[in-house]
Amino acid sequence: MNKKLLRLFLCLTLVTVFATLGLAADKTRPSGVTTTVTRQARPQVDPFAGVKKLFSNLGPDPTDLYDASNGWLVAGHFNVYNGQKQDVAIPFRSPANASIVGVRLPLQWYGYGANQATVAIYSDAGGAPGSAIAHKDLKNFDSFGSGCCNLASWKLATPVPVTKGTTYWVVATTNNASKDSVSVWDLIYNDAPGIWAYQQDDGGWIVTTASDGYALPAVAVYGQ
């Protein structure tokens, strides 16, 4: 190879490398929605009252458990709203060896497709959601915009053992039964950003941090 061809080859190689690095650093944005709440806060009876919370970022005020006017989409591939599948996940660590018996989270229906979604407990894989340990299809959510503080509840038929200090994830996703659905996972009551993850069109998980500025989805995990 002569010198001119060698220089051309090196230039093209560098352009390809920089372009690849630029694409890798360019995160897509999570899909979210906002609304005006039409109803006043309604405190809800906690079906897990008296059960230990292994993790919770719900608000301390029972009339302000979460931000009912903002949330991240949980949507199936075939929804007619934007045609984009999006899964959402938030990590947690148990303060002790325990077994998960319940999960509560503010999932609300956005008015498209089936009024349902799948909630799951995932293992961790290098700081991102790994594989499902347990899952449940939940249905008949309140409509987005109906206000706080009703929560979708999952009482596990078989408790899931967790290890102190180990990271697990609560994941909201869709399946064949909810492939046309659009739900909203409402945000933490004070809109604080933090570590959570989203995945679009099964393209791999993107983990956000507080510096990204994206507010956390709200959730509580109960155990014994």
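This passage walks through the fold of one protein chain, from its overall make-up to a few individual residues.

The structure is a predicted model, in which local features need pLDDT of at least 70 and side-chain atom pairs count only at pLDDT 80 or more, while totals for chains, interfaces and linings use all residues. Residues are numbered from 1 along each chain as its sequence is written, and side-chain values use heavy atoms, with hydrogens and water left out. The pLDDT, the predictor's confidence in each residue on a scale from 0 to 100, has a mean of 89 over the chain, and 88% of the residues reach 70 or more. Over residues 1-27, by contrast, the pLDDT is below 50, and this stretch has 5 contacts in the model beyond near neighbours in sequence. Contact here means heavy atoms within 4.5 Å.

The chain holds 1 helix and 14 strands; these are DSSP runs, numbered from the N terminus, with at least four residues for a helix (H or I) and at least two for a strand (E). Of the 224 residues, 45% are buried, where buried means under 20% relative accessible area, exposed over 50%, and partly exposed in between, with a 1.4 Å probe and protein chains only. About 11200 Å² of the chain is exposed, and carbon and sulfur atoms supply 56% of that area; accessible areas come from the Shrake-Rupley method with a 1.4 Å probe, and for residues only the protein chains shown count as cover. Among contacts between residues at least 6 apart in sequence, 80% join residues at least 24 apart.

A good place to begin with the strands is E10 (residues 167-173). In E10, 7 of the 7 residues are buried, so this strand is largely enclosed by the rest of the structure. Thr167, Trp169, Val171 and Thr173 lie on one side of E10, with Tyr168, Val170 and Ala172 on the other, and both faces are covered. Strands count as paired if DSSP finds at least two bridges between them. E10 pairs with E4 in the antiparallel sense over 6 bridges, and the partner of Arg93 in E10 is Thr167. Strand E7 (residues 116-124) is also antiparallel to E10, joined by 5 bridges, with Thr118 matched to Thr173.

Strand E4 (residues 86-93) leads on to E12, to which 4 antiparallel bridges join it; here Gln86 stands opposite Gln200. In E12 (residues 196-200), 5 of the 5 residues are buried, so E12 too is largely enclosed by the rest of the structure. Trp196, Tyr198 and Gln200 point one way from E12, and Ala197 and Gln199 point the other way. Strand E13 (residues 206-208) runs antiparallel to E12 and is joined to it by 3 bridges, with Tyr198 opposite Ile206. E12 and E13 form a hairpin with 5 residues between them, and Asp201 in the turn has a positive phi of about 50 degrees. Asp202 lies in the loop between E12 and E13 and has a positive phi of about 55 degrees, although it is not a glycine. With 47% relative accessibility, Asp202 counts as partly exposed.

An open sheet of 4 strands follows the order E2-E14-E5-E9, with antiparallel pairing. Strands E2 (52-56) and E9 (152-162) stand at its edges with a single partner strand each, so one side of each is left without a neighbour in the sheet. Within this sheet, strand E5 (residues 98-105) and strand E14 (residues 220-223) pair over 4 bridges, and Val103 has Val221 as its bridge partner.

The largest nonpolar core has 35 residues, and those with the most contacts inside it are Ile100, Leu107, Val170 and Trp185. E9 gives the most to this core, with 5 residues. A second, separate core of 12 residues includes Phe48, Leu65, Cys149 and Tyr222. A nonpolar core is a set of buried Ala, Val, Leu, Ile, Met, Phe, Trp, Tyr and Cys residues joined through side-chain atoms within 4.5 Å.

Some individual residues round off the picture. Cys149 lies in the loop between strand E8 (129-139) and E9, and the peptide bond from Cys148 to Cys149 is cis, with omega near 20 degrees. Gln108, in strand E6 (residues 107-112), counts as buried at 0% relative accessibility. The C-alpha atoms of Gln108 and Phe141 are separated by 5.1 Å, although these residues are 33 apart along the chain.
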